[in-house]
Amino acid sequence: MTASRFSNDVYDRRLRAAASAAGDAGLAGLVITPGYDLRYLVGSRAQTFERLTALVLPADGEPTVVVPRLELASLKESAIPELGLRVRDWVDGDDPYALVAEVLGGTATVAVTDSMPALHLLPLAGVLGAVPVLATDVLRRLRMIKDAAEIDALRKAGAAIDRVHARVPEFLKPGRTEADVAADIAEAIVAEGHSEVAFIIVGSGPHGADPHHECSDRELRVGDIVVVDIGGPYEPGYNSDCTRTYSIGEPDPEVARRYAVLQRAQQAAVAAVRPGVTAEQVDAAARDVLAAEGLAEAFVHRTGHGIGLSVHEEPYIVAGNTLTLQPGMAFSVEPGIYFTGEWGARIEDIVIVTADGAEPVNHRPHELIVVPA
C-alpha cells in the first residue's frame with residue numbers, strides 16, 4: 001500500500017501552531033528528529049540514523065530542515081517540498097549541530113522531541129551550551145486535539161478493525177493454537193485495509209488473565225474465554241485498537257455474571273466522557289461499577305490511553321490525571337477483569353470527545369461473544 005498523507009494546508013497549520021506554542025513557552029524553537037512528532041508536523045516517515053535529520057522550527061523565524069545530503073531524496077515522501085521549507089543539507093565531515101544552532105540564532109533554550117536519541121541530543125547540547133528541554137508540553141496539546149482530518153482517519157481505522165473482529169469467530173476453533181488464530185487475524189488486518197499489524201493479543205483461558213499476553217502454542221478448548229485485542233495503522237497512519245472477549249461454547253454462569261458487570265463498567269465510562277470532565281473521572285466511572293460488585297482488585301490497569309499516529313499517546317485515562325477533556329481528544333475506554341490462572345476479559349472502544357459527549361468509532365457488540373464449540 002502506498003503511504004499517504006494529509007493536505008499541505010493541514011501541515012502548514014500545524015507548523016504555525018507548534019512555532020506559536022514554542023514562543024508561548026519561552027523557547028527559541030523546537031528541534032524535531034524522526035518519529036511521530038515529525039510525521040505529525042510534516043508527514044515525514046524518515047528514520048533516525050547516526051547522521052542527523054531534524055526539522056528546526058524557530059519560534060520566530062523560518063522552519064528549516066537539516067538533512068544529510070545522501071538523504072535528500074527521502075524528503076519527497078513528505079510534505080516538505082510542497083510546503084517550500086528551507087533545506088540545509090550537509091555531508092560527512094560537516095557539523096550538523098552547528099547548522100541547527102545557526103538556524104536558532106546561536107545559543108538558545110530549545111525543546112527537542114522525546115524520541116531524539118542521545119547520539120544527537122548530547123552533541124546538540126554541547127553546541128547550544130545547555131541541555132534542551134523536552135517538547136512534550138509544547139506538542140502534546142496539539143497532538144491531543146484531533147482535527148477533522150484526523151478524526152476521519154480514526155473513524156476509518158475503527159471501521160476496519162470492526163470488520164476484522166466480525167471475522168474472529170471463524171478463527172476460534174477448539175484444537176487450534178493461539179498462534180494459529182493470531183496468524184489469521186494478522187492476514188485479516190491487512191486485508192481489511194491496514195498498512196500493517198501493530199499488535200495482536202489472543203489470550204485464551206488462563207492466558208486471558210495476562211493483559212499483555214500476545215499469543216502462544218496453547219490450544220483452544222471448549223469453555224475457554226478468549227481475549228482478542230488487535231490493531232494497526234490505517235493510512236495515513238492513524239491506528240485502530242479494539243478488544244472483544246469471546247467464549248468458546250456457553251460460558252459458566254459466574255463468568256457470565258462477572259462479564260456483565262464489566263460490560264456495565266465500560267458503558268459507564270463511555271457515558272462519563274464529555275468536555276469539562278477530567279480523565280480521572282472517566283477512570284473512576286468504570287472502577288466504581290466494578291468496586292460495587294467486589295471486582296475492584298481484578299481491574300489492574302488504567303481505563304484508557306490516547307491514540308493517533310501512535311497506539312499509546314496522551315491523554316491517559318487514569319487516576320491522578322486531572323486533565324480536562326476537550327472536543328477532539330481521542331482515547332480508548334478499556335476496563336478489564338483478570339483472575340490469575342483462570343481467565344480474563346476486556347472490552348475496548350476508541351472514543352472521540354464531541355461537543356456534548358463521546359463518539360465511539362467501534363461498533364461491534366459488547367456482549368460476551370459466544371462461539372459455537
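Over the ring of which residue does the charged end of Arg-14 sit? In this predicted model, select Arg-14 together with Tyr-40: the charged end of the arginine lies over the tyrosine ring, 4.2 Å from its centre. A second arrangement of this kind is found by selecting Arg-287 and Phe-299, where the charged end of Arg-287 sits over the ring of Phe-299, 4.0 Å from its centre.

**Aromatic pairs**

Turn next to the aromatic side chains. Three aromatic pairs emerge from a search of the whole structure. Display Phe-6 and Tyr-238, which form a tilted pair with 5.7 Å from centre to centre and 50° between the planes. This pair joins distant parts of the chain, 232 residues apart: Phe-6 belongs to the segment before α1 (8-24), and Tyr-238 to strand β10 (residues 238-239). Phe-6 is buried, because its relative accessible area is 13%, a value under the 20% limit. Tyr-238 also counts as buried, at 2% relative accessibility. Now select Phe-339 and Trp-343, another tilted pair, with 4.9 Å between the centres and 40° between the planes. Both Phe-339 and Trp-343 are buried. Returning to Phe-6 and Tyr-238, add Tyr-11 to the selection; these three residues form one aromatic cluster.

**Strand β8 and its partners**

Select strand β8, residues 225-231. Seven of its seven residues are buried, so the strand is largely enclosed by the rest of the structure. In a regular strand, side chains alternate between the two faces of the sheet. Both faces of β8 are covered: one side presents the buried residues Ile-225, Val-227, Asp-229 and Gly-231, and the other presents Val-226, Val-228 and Ile-230, also buried.

Add strand β7 (residues 199-204), which pairs with β8 in the antiparallel sense over six bridges. Then add strand β11 (residues 242-248), whose pairing with β8 is likewise antiparallel and spans six bridges. Val-228 is a useful residue to centre on here. It is the bridge partner of Val-202, and it stands opposite Arg-244 in β11.

**Helix α5**

Move to helix α5, residues 118-128, and colour His-120, Leu-124, Ala-125 and Leu-128, which are buried. Viewed down the axis of α5, the buried residues fall within an arc of 130°, so they line one face of the helix. On the face turned away from this buried side are the exposed residues Leu-122 and Gly-126. To see what covers the buried residues of α5, show the surrounding elements, including β1 (29-32), α4 (96-103) and β5 (110-112). Just after the helix, select Gly-129, which takes a positive phi of about 80°.

**Thr-113**

The last stop is Thr-113, in the loop between β5 and α5. Is this residue buried or exposed? Thr-113 counts as buried, at 2% relative accessibility. Apart from its neighbours within four places in sequence, Thr-113 is in contact with Val-31, Ile-32, Thr-33, Asp-37 and Ala-135. Show the side chains of Thr-113 and Asp-37, which make a polar contact of 2.6 Å. Finally, select the C-alpha atoms of Thr-113 and Val-133: the two residues are 20 apart along the chain, and these atoms are separated by 8.8 Å.

Conventions
Residues numbered from 1 in each chain as written. Predicted model: local features only at pLDDT ≥ 70, side-chain atom pairs only at ≥ 80, totals over all residues. Heavy atoms only, no water. Phe/Tyr/Trp six-rings, centres within 6.5 Å; stacked < 30°, edge-to-face > 60°. Helix = DSSP H or I, 4+ residues; strand = E, 2+ residues; numbered from the N terminus. Buried < 20%, exposed > 50% of the residue type's maximum accessible area, 1.4 Å probe, protein only. Lys NZ or Arg CZ within 6 Å of the ring centre and 35° of its normal. Pairing = 2+ DSSP bridges. Arc of directions from axis to C-beta. Contact = heavy atoms within 4.5 Å. Polar contact = N/O pair within 3.5 Å; in protein donor to acceptor, adjacent residues only side chain to side chain.
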